[in-house]
Amino acid sequence: MEKIKTMSPIKIDTSYARPVLDAGMAGIMLINPTDHEGLQNYHGLAEVIKNYPLGSTVYSQATAYFNNENSPLFQVVSYKAGDGNSLTSVMNKYYYSGAQYFLVHMSIDDKNLSDIAAISNFVEAQDNKELIVDLAYSDVTKLPAAVSGLNIDNNKATLIMAKNLINGTDEFQGAHFLSTYANAGLGTDAALVNNLDGVTPQDKYEFGANELEKYFAPNKIATYAWRGGTPMMTSGVSQSGDQFQAMVVRDAITNEITSSLNNVILQNNGRITYDNTGIKLFENSIYGVLNEYATRGFIEAQFDVHSVDANNISENKKASGRLTGMNWKYTPKFTIDDASFSQTVVLPEVL
């Protein structure tokens, strides 16, 4: 339908664009072994299907992630399968391109399984962001060896989960998990993520504590199973045995302190004197962020910010303009996701 034509000498046409919101800590990046390198950014399924057909592994995982209407950013970083240099290259190039969580999905029989170790070690070395490894299997007896063979059991920022195929079909547990977890409140315990739409829990009658202890727990592998009548994840610890949520909180604090310190630099008329007055600006900024996280219950209140005394810094160092030596220390507040209790029943005396 055409617009009504007028005689006015001024004519204005309007186009509409919706702003793309900052992904914050809810964006994910799927690491995709293929035959080329590159990065693709998607904010909805309508964009994904232009490059990945219905039923493809990428489209299926995007569908799981965007099943949550709040999901803001699904990235696909592709590398040449079997080429370690290609993998390192794309990780270096696109690491800080927006997503908070990296996602690797493979079958335990995949010939590229060893790439998981390289990705996990790379993420660990950056000391920022987290990796979800989602493994699919048809034979659970192969699972322990597949994971232990990766030799990443000291990595704090890698959460491994595994799920059986359902009638030969992969349900992409990891993408469904992140659809919930990445959009949940900061500090959510991964072990308490439950009721994942689109994921079938382990069989209620075939999978129990014995199977969990035999095939999953020794290698700190989570799965999705019935727990107390509710389908939920069975573990929330990373490969190092640390609570995964503590690593996510670590990154939130790092990101906020970085932003706060940048504002200190930018909001002081481009000039911060190299003396205790100037240094105090940075100290107060760091303290303010940590105090906020302590107040919100994410870290213990007894945190420490170590500053430096400008009077003990040489004039040559001051002339360089570089401030070093400040640091801080805090203890995360951990969460309870498994508890055992005892009860005493007092019965009447038997006569």
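**Helix packing and buried cores**

Me: At what angle do helix H2 and helix H6 pack in this predicted model?
Reply: Helix H2 covers residues 57-65 and helix H6 covers residues 173-181 (DSSP runs of H or I, at least four residues, or for strands E, at least two, numbered from the N terminus). Their axes lie 7 Å apart, as lines fitted to C-alpha atoms over the stretch in contact, with angles from 0 to 180 degrees between N-to-C directions. The two pack at an angle of about 25°.

Me: Is H2 roughly parallel or roughly antiparallel to H6?
Reply: Angles under 35 degrees count as roughly parallel, over 145 as roughly antiparallel, 65 to 115 as roughly perpendicular and the rest as oblique. With an angle of about 25°, the relation of H2 to H6 is therefore roughly parallel.

Me: Nice. How many nonpolar residues are in the contact of H2 with H6?
Reply: From H2 come Gln61, Ala64 and Tyr65, and from H6 come Ala175, His176, Leu178 and Ser179 (contact: heavy atoms within 4.5 Å). Nonpolar here covers Ala, Val, Leu, Ile, Met, Phe, Trp, Tyr, Cys and Pro; Asp, Glu, Lys and Arg are charged, and the others, Gly among them, polar. The contact has no charged residues and three polar ones, and its nonpolar residues number four.

Me: Before we go on, how are the residues numbered, and what confidence is needed for local features?
Reply: Numbering starts from 1 along each chain as its sequence is written. Side-chain values use heavy atoms, without hydrogens and water, while totals for chains, interfaces and linings use all residues, side-chain atom pairs count only at pLDDT 80 or more, and local features need pLDDT of at least 70.

Me: Which strands are included in what covers the buried residues of H2?
Reply: The buried residues of H2 are Val58, Tyr59, Gln61, Ala62, Ala64 and Tyr65 (buried: under 20% relative accessible area; exposed: over 50%; partly exposed in between; 1.4 Å probe, protein chains only). Their cover includes helix H1 (45-48) and H6, along with strands S1 (28-34), S3 (74-80) and S4 (101-107).

Me: Which helix gives the most to the largest nonpolar core?
Reply: That core has 38 residues, and Ile31, Met91, Leu135, Leu143 and Phe216 have the most contacts inside it (a core joins buried Ala, Val, Leu, Ile, Met, Phe, Trp, Tyr and Cys through side-chain atoms within 4.5 Å). The top contributor, with five residues, is helix H4.

Me: How far apart are the axes of H3 and H4 where they come together?
Reply: In H3, Leu87, Thr88, Met91 and Asn92 meet Asp115, Ala118, Ile119, Phe122 and Val123 of H4. Outside its neighbours within four places in sequence, Met91 also touches Ile31 and Phe102. The H3 and H4 axes cross at roughly 30° and come within 11 Å.

Me: How far is the C-alpha atom of Ile253 from that of Tyr293?
Reply: Ile253 sits in helix H8 (residues 244-266) and, at 1% relative accessibility, counts as buried. Its contacts beyond four places in sequence are Val289, Leu290, Tyr293, Ile299 and Tyr330. Ile253 and Tyr293 are 40 residues apart along the chain, yet their C-alpha atoms are separated by 7.7 Å.

Me: What is the relative accessible area of Leu131?
Reply: Leu131 belongs to strand S5 (residues 130-137). Among the residues it touches, not counting those up to four places away in sequence, are Phe102, Ile119, Val123 and Phe244. Leu131 is buried, and its relative accessible area is 0%.
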